[in-house]
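I opened my notebook to look up a few packing details, one entry at a time. Have a look along with me.

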Amino acid sequence: MSAPAFEAPARPQDRVIKRPAKRRDWSKWGLGTYFVVFLAFLYGPMIVMAILSLQGYYGAITFPFRGSFGFNWWRSLLHSTVAGSPTHASDIHTAAKNSLFLSIAAGAIVAFIAFTLSMAFRRRWRFRTDAVAFYVIMLALMTPGFLLAVGTQLFWNYLGLSTSIWKTALGANVVWGIPFGFLVMLSVWNRYDPRVEEAARDLGADQTRTFREVTLPLVWTGLFGCFLFGFTLTWNDYDRSVLFQTKASDSLPLEIGGMTFTGGVRPDLYALGTATTIFSLLVIGVLLVVASLRLRFRGAPVRHVEEELGVATAIDAGAAGSAAPPSADE
Amino acid sequence: MSSSSGPESQLNAAGLEQIEEIDQTAPRLRALGTATGPRERGGGWVTALWALPGTLWLVFYLVLPLVFIVLVSFWTYKLGAKSGFTTNWTLENYGTIVHSSTYWHNMLTSVYTSLIAVAACLILGFPIAYFLALKVHTLRNQIALFVIALAPFWTSFLVRSVAWTYPLSDVLGWFGVTTPSTTSVRLAMIQLYILFMITPLFFTLSQVDRTAMEAARDLGGNWWQMFREVIVPQILPGVVIGSIFIFVLTMGEYGTVLVVGQNYVQSVGTIVNSYITSAVQYPQGAAAAVLLVLALIAGVFAITRFSNLREDL
């Protein structure tokens, strides 16, 4: 190793060609600018709405901003009268409470079902049930929410049962959450080392103890991801619950929908919409913090984005779910 | 760099064929991720027990309702019946729907809207996915930007629809778009659903073979040729999946049309709803819904023709 690379090459073709210094990648800057414009398109409407919620009492409901600033409309979410006129506050409070309980229930059920289903899948399906599972889960993902609500309504009518938010909308929302939760769990299992279970077994733990002390602690962040998927999807759902509505305050999105249609739209609608959006974004923040903590504790190198974004991968369940079959044909 | 290209260059055609053969063994298994771990004792019963809660829930809340849409669409409307229909088989509901010009008009409008949404999401979304996957180099930045672009997915579609109604009506007016109108509904749909196109594009783009892209450029191809010959074939599955998502979601859309369109704009979803809630004509509503499902299946089938996706997808 006497550094022969620095000697003059014996043959002309071995000459080292020095390329000019790397030029600035203009396409990167162009695309970056486009990305910023795109973000404006994505977030702009919501931001406009947030700004308009800060209108004064006599403010208009369309952009651009007219009149003075004021927190009247935000206050109207909390108090039953603002400046002498009645508000939707009591309805909103009931709706928020209903939505919160409903979403927590949906999140818990999604986490439970996604976990048990993925456990069954992990044990390898006998017969051809893996194909059936694939189709049913794709079906849950692809069925338009409103269509599912219609079907549920007809089915329950036939059975002679009465529908309600808790009995039917919860069911439809969990169906919508299951594919996402299932794919989160699959990405967790894909990175899971089954040898630790074998080690626990070899050291004398029985199956239940292995499950309780080895398996669960290793995958609980995945369960947390499933819960959050079920929670946010239900928290924001409209299509799947509108048919089962008995009163406006059944859930927060239904309340928002009601405020939109009844005419006489006021900026308190914008304040409410902004508040629920901020709440959703806070929930994502919690998810990201947990994910990054998991990343830090694990300490393993991440090779691909899709590996670490187990949760985000599931958004596009199709990419994980059916990207593979076409590539097999090529 | 040079050390890794050594073995790859030795891959010959036979080796590639072998890889393809291995890939074809269990595509669905791979599609759902690989089943890890040894086959455990206890057999099928334990597995079935694990699968039981999810299966029951999916059958009761997904499969049976869908089956009942089809069944009810063949049953007879009866005014006094408690459920709104009796189990007498008839084709009358389909006759009514097929002869309803309103239904066909809205069906065609919906199809047209969906096609526009798919095309717009593809054209507007590709540069974003390309930027994220190939121009952002550190993983941390990639994740951060991706999450920023994706975060609105977790917020309410309804609230984001509301933002397209009154708040933006003046702004849209500057561009000659009135609200509510079909155009504003379409704009809102593109904004709401474009994430479903960007995500599969991003994941397929970040898996595109970089060495093949470099090779294409080194062999004298310009960017466009590289794009056409190297990138497009490799991201086609992502394009197809994104298109299926957007098509299905926008065709079956209900809330957005209702909020942004405000009764001036109709879609198949609002028509079905008017049969179900206003007229309480359950069998006719079910027939309309079945035709919507058939249109969805036809659309998905047509989209998969663009790629050599498996026919049984």
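I began with the largest nonpolar core, where B:Tyr103 and B:Leu205 touch the most other members of its 176 residues. A nonpolar core here is a set of buried Ala, Val, Leu, Ile, Met, Phe, Trp, Tyr and Cys residues joined through side-chain atoms within 4.5 Å. Buried means under 20% relative accessible area, with a 1.4 Å probe and protein chains only.

A note to self on the source: this is a predicted model, in which local features need pLDDT of at least 70 and side-chain atom pairs count only at pLDDT 80 or more, while totals for chains, interfaces and linings use all residues. Residues are numbered from 1 along each chain, chains are lettered from A, and side-chain values use heavy atoms, without hydrogens or water.

Next I asked which residues B:Tyr103 touches. Leaving out residues up to four places away in sequence, I found B:Ile97, B:Val268, B:Ile271, B:Ala288, B:Leu291 and B:Leu292 (contact means heavy atoms within 4.5 Å).

B:Val268 and B:Ile271 led me to helix α14(B), where they are among the buried residues. I read that 8 of the 11 residues in this helix, 268-278, are buried (helices are DSSP runs of H or I, at least four residues, numbered from the N terminus). The cover over those buried residues includes α5 (145-159) of chain A, and from chain B α5 (92-98), α6 (101-135), α13 (255-261) and α15 (282-304).

Last, I checked the end of the helix: just after α14(B), B:Val280 has a positive phi of about 50 degrees.

Conventions. Buried means under 20% relative accessible area, exposed over 50%, partly exposed in between (1.4 Å probe, protein chains only). Helices (H or I, at least four residues) and strands (E, at least two) are DSSP runs, numbered from the N terminus.
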